[in-house]
Amino acid sequence: MLKEIFNLTLIQHTIRTATPLILAALGGLLTEHAGMLNIGMEGMILLGSFFGVLGSYFFGSALLGVILAALIGALVGLIFAIFVVDLKSDEFIVAIAINMFASGLTVFLLRSIFGVKGAFSSPDIIPLPRIQFLGIKNIPFLNIILNNHSIFVYISWLLVVFIYIYLYKTPHGIWLRAAGEYPEALETAGISPERMKYIASIACGVLCGLAGTHLSLGYLTLFTENMSANRGFIALAAIIFGGANPIKTFGAALMFGFFDALGIRLQSVGIPAQFTQMIPYVATIIALIIVVKRQKSKWREPLNEEKNI
């Protein structure tokens, strides 16, 4: 039975299930560095899933579905920034409102536009293209792991490197981090912290929209109510576990993706779904406990040094 679960297909599924987490987490860590904790990623992913399907279905193009989802994500990110940065609203309340709005709006539009409840699937939905690297097609190990994925899988890997370089190797990335850590110093240098926060929030919305599109057009080819399935919160956990570092966050997202894929594989061998669906959430809780303990140990070290003095 173990061979049926722990094989190359599990790695393949891990890559696919981790991709929306990676994309959303990359967006969330941008707002984290800019000084905003965005728990509204859940709603952004859900809206991206729906509007990706909507655009693909009505325009007959996966690309237009992606563009529509990205635009909706950017709009929601802009709204989040307006309320948090300009109107000084509580970021948690705004984010919860976004999540509730997204859940209600997608259910309403699903029933109003497509006339169905629960899920919408159609052969007219154009999925994202799956990439085949011909050079590794004859190598079984690499062919199973690296081939036949949605294009967003490979884009997410490139974005990890790009965002790492952007944050730590470019002046603009330093400004974005300063907007969250030293906004007064940034303003003294003649750069608006508010503008950097807007950029981070809009970029987060775009990346979450792409994460949702991968779910509905790349991983599957349909939309279901509450399709995001708490992936926004798991992405937030990946950010916390990875210390908002793109590479570490990427590793954390892969870990959570592995447990999600493991749960799916366990269902195929007869283990009830009620148990397997708990696995990614249990892993998330354990990861957060580890982070809290790690932080507490860091806090205790200076106190112990003071006592020794």
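**Loops, salt bridges and surface patches in a predicted model**

Asn148 is located in the loop that runs between helix H6 (140–146) and strand E3 (149–150). The model described here is predicted. Although Asn148 is not a glycine, its phi is positive, at about 65 degrees. With 30% relative accessibility, this asparagine counts as partly exposed. A positive phi of about 65 degrees is also found at Asn230, likewise not a glycine. Asn230 belongs to the loop between E4 and H11 and, at 34% relative accessibility, is classed as partly exposed. A further positive phi, near 60 degrees, occurs at Gly243, which follows H11.

Helix H11 (residues 231–241) is largely enclosed by the rest of the structure, because eight of its 11 residues are buried. The buried residues of H11 comprise Arg231, Gly232, Ile234, Ala235, Leu236, Ala237, Ala238 and Ile239. The list thus includes a charged side chain, that of Arg231, for which the relative accessibility is 14%, a value that counts as buried.

Arg231 takes part in a salt bridge with Asp260, in which the N to O distance is 3.8 Å. This pair links distant parts of the chain, since Asp260 is in helix H12 (residues 246–268) and Arg231 in helix H11, 29 residues apart. Asp260 has a relative accessibility of 18%; the cut-off for a buried residue is under 20%, so Asp260 also counts as buried.

The search of the whole structure yields two salt bridges. Besides the pair formed by Asp260 and Arg231, Arg111 is bridged to Glu225, with 3.4 Å between the closest N and O atoms. Arg111 is part of helix H5, whereas Glu225 sits in the loop between strand E4 (223–224) and H11; the pair therefore ties together parts that are 114 residues apart in sequence. Both partners count as partly exposed: Arg111 has a relative accessibility of 40%, and Glu225 has one of 23%. The two bridges accordingly differ in their surroundings, with partly exposed residues in the pair of Arg111 and Glu225, and buried residues in the pair of Asp260 and Arg231.

Helix H2 (residues 8–33) contains Ala24, which is buried, with a relative accessible area of 0%. Beyond residues up to four places away in sequence, Ala24 touches Met41, Ile45, Leu207, Cys208, Ala211 and Ala235. Among these contacts, Ala235 is one of the buried residues of H11. Ala24 and Arg231 are 207 residues apart along the chain, yet the separation of their C-alpha atoms is 8.4 Å.

His13 is likewise found in helix H2. In contrast to Ala24, which is buried, His13 is partly exposed, with a relative accessible area of 21%. When neighbours within four places in sequence are set aside, His13 is in contact with Ala261 and Arg265. His13 and Asn226 are 213 residues apart in sequence, and their C-alpha atoms lie 21 Å apart in space.

Two surface patches were also examined. A nonpolar patch of about 700 Å² is formed by Phe58, Phe59, Leu63, Leu64, Ile67, Leu71 and Ile113. Helix H3 (41–59) and helix H4 (62–86) are the elements that give two or more residues to this patch. H4 supplies the largest share, with four residues. Ile113, another member of the patch, belongs to helix H5 (residues 91–113). Its relative accessible area is 39%, so Ile113 is partly exposed. Helix H5 thus holds Ile113 of the nonpolar patch as well as Arg111 of the salt bridge to Glu225.

The other patch carries negative charge and gathers Asp86, Glu184, Glu187 and Glu194 on the surface. Of these residues, Glu194 is placed in helix H10 (residues 193–219). Glu194 counts as partly exposed, at 31% relative accessibility; patch membership calls for over 30%.

Definitions and conventions:
Residues numbered from 1 in each chain as written. Predicted model: local features only at pLDDT ≥ 70, side-chain atom pairs only at ≥ 80, totals over all residues. Heavy atoms only, no water. Patch = residues over 30% accessible without salt bridge, like charges linked within 9 Å, V, L, I, M, F, W, Y side chains within 5 Å. Areas by Shrake-Rupley, 256 points an atom, 1.4 Å probe, with all protein chains shown as cover. Salt bridge = Lys/Arg side-chain N within 4 Å of Asp/Glu carboxyl O. Lys, Arg positive; Asp, Glu negative; His and termini not counted. Charge placed at Lys NZ, Arg CZ, Asp CG, Glu CD. Buried < 20%, exposed > 50% of the residue type's maximum accessible area, 1.4 Å probe, protein only. Contact = heavy atoms within 4.5 Å.
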